[in-house]
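Hi,

Here is the structure I promised to pass on to you. Please have a look at it first, and then read my notes on what turned up.

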Amino acid sequence: MKVSVIIATHKKYGMPKYKYYMPLHVGKEGKDDLGYKGDNTGNNISEKNPNYCELTGLYWAWKNLKSDYIGLAHYRRHFKGNTKSKNKFEQVLSDKEINELLRKNDIILPKKRNYYIENLYSHYEHTLHIETLDITGEILKEKYPKYMKEFELLKTRTSAHMFNMFIMKKEIMDEYCKWLFDILFELENRIDTSKYDSFHARFYGRVSELLLDVWLNTNGYKYTEVPVMSMEKVNWWKKGTSFLKAKFLGKKYDKSF
């Protein structure tokens, strides 16, 4: 089987050496060449990257790759394998490990992120602009009402598969992307992003993080989970403090962590 895992990046960075991984310069349209394949070739939405983030890479992979399985990871965030090495790029889920997992599963996902003290909806409301998620719900109700049950569960669930990361059988990914981008393009018609600063205007990628489980659970697809590893040191104190300030003091996020 042929597997392609794009690594969404906007800058030059160290990359895993396994053959399944493909560095992809997302938002390349109008930018200097980094030496990576760009998401501005073939059928693409590269110019939407300031708002869609890594999703311009996902769209490019969906429309242009012919692999049996397609995945998405990030230059600073990867699926973690079992290889014992001091080199972080050798700790990434290897081609052999991917093969073994896909022999028994159609989908590989990151382990769920837990928020513990609040649900997914309230966390979004405290940290971002909730109207973007509410309008997404309106679109679902109009166009895909069977997904509303799972969408409403965002108001009680405290964990989700985040980061828009997965490795998925191409036929299933085709189904998911057709559904996802139909919703996001309609969302684009209903929200004026100019009223948000550059950080909050990137809501399409954040909405899609929550939509993945809505889609998966509604359709009953089975999957396996793999831990996620960060290629950079995470400042958990700053991250946790910002989380608590958002929840209790109403201070929305102003940057990524």
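Below are my notes on the pocket, the cavities and one loop residue.

Please keep in mind that this is a predicted model.

Let me begin with the open space. The largest pocket holds about 1,400 Å³. Its lining is made up of 45 residues, and those closest to the pocket centre are R76, R77, R202, R206 and S256. Sorted by class, the lining of this pocket has 19 nonpolar, 14 polar and 12 charged residues. Several elements supply at least two lining residues each: the strands β1 (3-9) and β7 (113-114), and the helices α1 (49-52), α4 (120-127), α8 and α9 (236-249). The top contributor is α9, which gives five residues to the lining of the largest pocket.

Now for the enclosed space. There are two cavities of 30 Å³ or more in the structure. The largest cavity has a volume of about 70 Å³, and the residues around it are K112, L120, E150, L154, R157, S159, A160, L210, D213, V214 and N217. Two elements, β8 (159-160) and α8 (203-219), give two or more residues to that lining. The largest share comes from α8, with four residues. As for chemistry, the lining of the largest cavity divides into five nonpolar, two polar and four charged residues.

The second largest cavity contains about 40 Å³ of space. Its lining consists of Y124, L128, H129, T132, Y196, H200, F203 and R206. By class, that is four nonpolar, three polar and one charged. You may recognise R206 from the pocket: R206 is among the residues closest to the centre of the largest pocket, and R206 also lines the second largest cavity.

Finally, a residue you may like to look at on screen is E90. Where does E90 sit? E90 is in the loop between β5 (77-79) and α3 (95-102). Is E90 buried, partly exposed or exposed? With a relative accessible area of 39%, E90 counts as partly exposed, because that value lies between the 20% and 50% cut-offs. Leaving out residues up to four places away in sequence, E90 touches Y18, T83 and S85. With S85 there is also a polar contact of 2.7 Å between the two side chains. As for T136, E90 is 46 residues away from T136 in sequence, and their C-alpha atoms are 39 Å apart in space.

Happy to talk any of this through whenever suits you.

Best wishes

Notes: Residues numbered from 1 in each chain as written. Predicted model: local features only at pLDDT ≥ 70, side-chain atom pairs only at ≥ 80, totals over all residues. Heavy atoms only, no water. 1 Å grid on protein atoms, 1.4 Å probe; cavity = no way out; pocket = protein on both sides within 12 Å on 5 of 7 lines; lining within 4 Å. Points joined across faces, edges and corners; volume = space filled by probe spheres on them. Nonpolar A, V, L, I, M, F, W, Y, C, P; charged D, E, K, R; others polar. Buried < 20%, exposed > 50% of the residue type's maximum accessible area, 1.4 Å probe, protein only. Contact = heavy atoms within 4.5 Å. Polar contact = N/O pair within 3.5 Å; in protein donor to acceptor, adjacent residues only side chain to side chain.
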